[in-house]
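Me: I'm new to this one and would like a close look at a single part of it. Here is what I have in front of me.

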Amino acid sequence: MSQTRRSFLSLAALGSATLAASTVGRSALARLPEPVMQSSAETQAPVVPNAGRPYRPVVTLNGWTLPFRMNQGVKEFHLVAEPVVREMTPGFRAHLWGYNGQSPGPTIEVVEDDKVRIFVTNRLPEHTSIHWHGQRLPNGMDGVVGLNQPGIPPGKTFVYEFTARRPGTFMYHPHADEMTQMAMGMMGFWVTHPKAKHPLIDDVDRDFCFLLNAYDIEPGSATPQIMTMLDFNLWSWNSRIFPGIDALNVRLNDRVRIRIGNLTMTNHPIHLHGHEFEVTGTDGGPTPKGSRWMEVTTDIAVGQMRQIEFLADEEGDWAFHCHKSHHTMNAMGHDVPTMIGVDHRGLAARITRHIPDYMVMGERGMADMAEMEMPLPANTAPMMTGSGPYGSVEMGGMFSMVKVRRNQKPGDYTDPGWYQQPPGTQAYLYTGALPAVRQAPVSGGGTGAQTPSKGPSGQVDPVEVRVRKPNHSGGHHGH
Amino acid sequence: MKFMFLHRAWRGSYVCAVFFLLAAAALSAQVRASDWPGANRAVDEAGGWKAYLRESQAAQAASQVTAFRPDRSPAHRAKTWGDFSQLVEHWLIVAMDAQPGLRPAIESLTRGAATDASWLTASESARAVLAQGMRVSQPLVEEVIAWVYAQEVHQRLLEREDLADIAWELARRMHAVGNLPLQEEREARLHLLEIRAARQKAEARLLQAREAIAQHARSAGVAVPTHTPAVLPLPPVPKPPADHGMESAAMGRVMAVIPRERRLAVSQRATHNPNEKPRARRGPLSPQPYALLRSYAALAQAEQQLRLAADRAQLLVEEGLAVRQVISEEHLLAYNGMLIGTPKLLKDRDEAMAFELEVLEALRDYWLARSRRDHQQAAVLLEEIFWGVAR
């Protein structure tokens, strides 16, 4: 969850590549731009353009921006559709299809009225295409196979050319064998910056973007089930799941914009803690200022883009997540019965006699699982995990944080670490005497209040945990 | 009118019954719901996974792990084979001793270095002794195998019954706090009853198998056994070479053992006519070589059966058990990740035990086939001695 110095060095290298590419000779310009590949799943720092009109670049969460070259006034990009191995969170890798080494593909950034040429090389075993979701463009460039163009055969390169006519937030994805190719992770972000001061687009200090995507990857395997329609088990941002999603690190009183595109098969109510935001842009462009209102959750429907903006004026580590609670979990068993309230005394030992490594879980809720950290099937992300300064965060999937810090330098996106609450500003344990609580009636809407537990909960228990791990293949450590 | 009256009466009683049922259901739900806060309090007071772990660790120290994971090491194979052989030998001796004069006769036959020549010149009385020994030994060996098998099956089913009882107890507790519908609790109960019935059946078979052995014990005046001191050993590795089919094996054996001239001579002796000039004949052989052929065919069939049984046992023991173990380990890992629940984990263990029973059955079939093959080999030897064609 932290950006490193190395990632900034690699960014610098990318910037150099961009610069070099923009100053190549005429003969070189007649050839395909050399495709730039990315091997890291870390958030790369924004790419300040070295050619063309200036703009404030975006930061792609756990992603990167594709360098371009200028060729006689045209911005040229080279996307390579190919199989990739994406680290979705440390210890869990997915076999996906993507672009230029990663899934999702790199973010493409241009400026309003830029002439754009995108070379798309297909290294997949089947044909593909790219639909430039939301763009105004010639019909033959819209990317629907069979309708607007033939598919790009394996091993071939097609060229898309159009002018980025309106500023805003866009996406790109295949429109060939679409369900398969999107289920395999083929998608990317596109940002068109305004060419001049726009009355509906405010300047911001930090501009983040990410895609919402979802996969169904059976625990213990790596390749998505492409025939899954709705019952996905991994809910991700830019093909990353918590705790693999980087934090959005900002400076106190920064004006922050977050652009989000939804390419899953369901809607996502995205919720920010501690701040109110406005939806300043949709698929159709910037929203009229009179139509904006403050809110803390915005629902993003399938195929939609939203850009939200807020003033980061509260210091701290603020959760930022989809509010569908099962979207903030990693792979889970949908048929697991509820064990809450089921007393296992006398049974646990009997079960252990037959299954020596069995551990009772779930009878007090699911939080025990995060605490126990048991070995999992190979290549499986724990359902709920992530360590915070006070223990397990017990989250997964579409969860991250906006970290607001007074001393975060402008342009510095590195993780500042955990927030230290000032004294007197954190919830604390009540140590006074508790009144006797009478059991509420079970009918008539009673709260079912309980007497305080006299059990050992919360006490330091010196039990020695001995966990035997299967030894047939090793590498089954899901944590 | 009368009908209407009855109908109304019936309707009234129906309404009363419905009210009664609703009231009972509400009362029942309230009773269960009123337990709900208490159930939550109870699991909190139980102390959670660390307390259960302590309980499990204490139990583990006190009782053996019962999973059926036979050691496939050469040393273990040798030990189980040794135990099993000793058991068979013990009961063979017991059985021989129970036959008047049989054991001394066999000992006199086999005392000293038994040469091919001595076997070839074995007398009719010696043949009779050997034949009697075979008649006694073959069923006895099968009885011992059945006894060991029945003991093991019974033990496995006892464990499976315990597991089914655990699964049902868990289902019962889940149902009691409203986490499981009655149907599923009843299904768990039914499964327990089915396994219990299977265990009772296995117990009856064990008693039957033990009784067969006990009869030999009583005849020989030795103590009636209560349990077998051995388990079915794993089949030896590597596997015996592949067979070329029953008929070709039988014919090949005939051709190898009986030179053509000898066969012709035997054939001629059997159909000897002093007025007829001896000549090489084509066509069917005499009845005596047919008898030999039948023995060879029976032996070849026994070998074929043994090979098939060995293949099945090897398949299940060498690969099946290992695969099953991985499946169980993966289930446990999936349980750790809350990808499956405890009932499914218990079901997997139950399925593993069902597979272990299949393995045991394959082991029993292997040792039965091997015993029958050995018996048939002895029978062929006797035939060969009789016809003067022993190697």
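What percentage of the 479 residues in chain A is buried? Then please take me through chain B, the part I'd like to look at closely.

Reply: Happy to. One thing up front: this is a predicted model. In chain A, buried residues account for 47% of the 479 residues. That chain has 5 helices and 23 strands. Of its contacts between residues at least 6 apart in sequence, 74% link residues at least 24 apart.

Now for chain B. You'll find 11 helices and 0 strands there, so to read along from the N terminus is to meet α-α-α-α-α-α-α-α-α-α-α. Out of the 391 residues in chain B, 30% are buried. As for who touches whom, take the contacts in chain B between residues at least 6 apart in sequence: 82% of them bring together residues at least 24 apart.

How far can you trust the picture? Chain B has a mean pLDDT of 77, with 69% of its residues at 70 or more. Residues 1-33 of chain B have pLDDT below 50, and the model gives this stretch 4 contacts beyond near neighbours in sequence. Another stretch to watch is residues 112-120 of chain B, where pLDDT stays under 50 and the model has 6 contacts beyond four places in sequence. Where pLDDT is low, the predicted coordinates shouldn't be read in detail.

For the complex, the predictor gives an ipTM of 0.79 and a pTM of 0.79.

Methods: Residues numbered from 1 in each chain as written. Chains lettered and ligands numbered in written order. Predicted model: local features only at pLDDT ≥ 70, side-chain atom pairs only at ≥ 80, totals over all residues. Helix = DSSP H or I, 4+ residues; strand = E, 2+ residues; numbered from the N terminus. Buried ≥ 20, exposed ≤ 12 C-beta atoms within 10 Å, placed from the backbone. Contact = placed C-beta atoms within 7 Å. pLDDT = per-residue confidence, 0-100.
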